[in-house]
Each structure stands twice: as structure tokens, then as C-alpha cells.
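Me: Pick a single buried spot in this model and walk me through it closely, then work outwards from there. Keep it relaxed, but give me the cut-offs as you go.

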Amino acid sequence: MHKQRDRALAVLAEKDRELEQEGANLEYLKNVVFRFLTLPDARGRQQTLTAIMAILHFSPEEKLSIAKSWAHGSWWLHGKR
């Protein structure tokens, strides 16, 4: 009986750590996206976009699609707002 309880407590503790980590990851992502949306220069947004793609594990195809949008001058990637 104690072993089952201890195992259940260990599982709950692990789930709690996972939730805390997910919350921290989401906060980090929010801050990176906020930086991306508020940077006034295209070079800074390009660097931040690279970080966003890494955080979200974009596929090569998704990265290519984004690069094509960049080349066509998407409003959020070029110039000042």
C-alpha cells in the first residue's frame, strides 16, 4: 500500500515539474514573440524570427515558406510600422 502511494506521489511530483517547465517555456516564447512584434528594425526581427523557429521546432518546409514570405516583403518582417 505504501509503495503504491509513494509511486503515485512521485508521478504527481513529476507532473507538477512538467507543468512548471511548460509554464516557463510559454512565458519565454511569449517574451520572444513580443520582442519580434515590437522591434523597429528588420535585422532584429530576422534574428528573433530565427529564435522563434528554433523554439517551435519548425520543419525545413515551414522555414522555407517563411523565407519566401520574407523575400516577398511581408508586412511584419520589413521596415518600420
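Reply: Let's start at Leu29, which touches Ile55 and Leu56 once residues up to four places away in sequence are left out; touching here means contact, with heavy atoms within 4.5 Å. Keep in mind that this is a predicted model, where local features need pLDDT of at least 70, side-chain atom pairs count only at pLDDT 80 or more, and totals for chains, interfaces and linings use all residues. Residues are numbered from 1 along each chain as its sequence is written, and side-chain values use heavy atoms, with hydrogens and water left out.

Leu29 sits in helix H1; helices (H or I, at least four residues) are DSSP runs, as are strands (E, at least two), and they're numbered from the N terminus. Leu29 counts as buried because its relative accessibility is 17%, where buried is under 20% relative accessible area, exposed is over 50%, and partly exposed is in between (1.4 Å probe, protein chains only). Leu29 and its contact Leu56 are 27 residues apart along the chain, and their C-alpha atoms are separated by 8.7 Å.

Stay on H1 for a moment and look at the charges. Glu27 makes a salt bridge with Lys30, with the closest N and O atoms 3.5 Å apart; that term covers a side-chain nitrogen of Lys or Arg within 4 Å of a carboxyl oxygen of Asp or Glu. Glu27 and Lys30 are 3 residues apart in H1, so about one helical turn separates them. Glu27 is partly exposed, at 40% relative accessible area.

Glu14 and Arg17 give you a similar picture: they form a salt bridge whose closest N and O atoms are 2.8 Å apart, and since they are 3 residues apart in H1 (residues 2-38), the separation is about one helical turn. Glu14 is partly exposed at 36%, and Arg17 is partly exposed at 48%. Arg5 pairs with Asp6, at 3.4 Å between the closest N and O atoms, with Arg5 partly exposed at 47% and Asp6 partly exposed at 43%. The structure holds 4 salt bridges.

Now over to H2 (residues 42-55), where you'll find Ala51. Ala51 is partly exposed, with 27% relative accessible area, and its C-alpha is 42 Å from that of Arg5, 46 residues away along the chain.

What about the next helix along? The axes of H2 and H3 (residues 60-71) come within 12 Å and cross at roughly 165°; axes are lines fitted to C-alpha atoms, for helices over the stretch in contact, and angles run from 0 to 180 degrees between N-to-C directions. H2 and H3 are therefore roughly antiparallel, the label for angles over 145 degrees, with under 35 roughly parallel, 65 to 115 roughly perpendicular and the rest oblique. At the contact, Ala42, Gln46, Leu49 and Met53 in H2 meet Lys63, Ile66 and Trp70 in H3. By class, that contact of H2 with H3 has 5 nonpolar, 1 polar and 1 charged residues.

One last stop is the loop between H2 and H3, home to His57. Most residues other than glycine have a negative phi, yet His57 has a positive one of about 55°. His57 is exposed, at 68% relative accessibility, whereas Leu29, where we began, is buried.

Key: Ala, Val, Leu, Ile, Met, Phe, Trp, Tyr, Cys and Pro count as nonpolar, Asp, Glu, Lys and Arg as charged, and the others, Gly among them, as polar.
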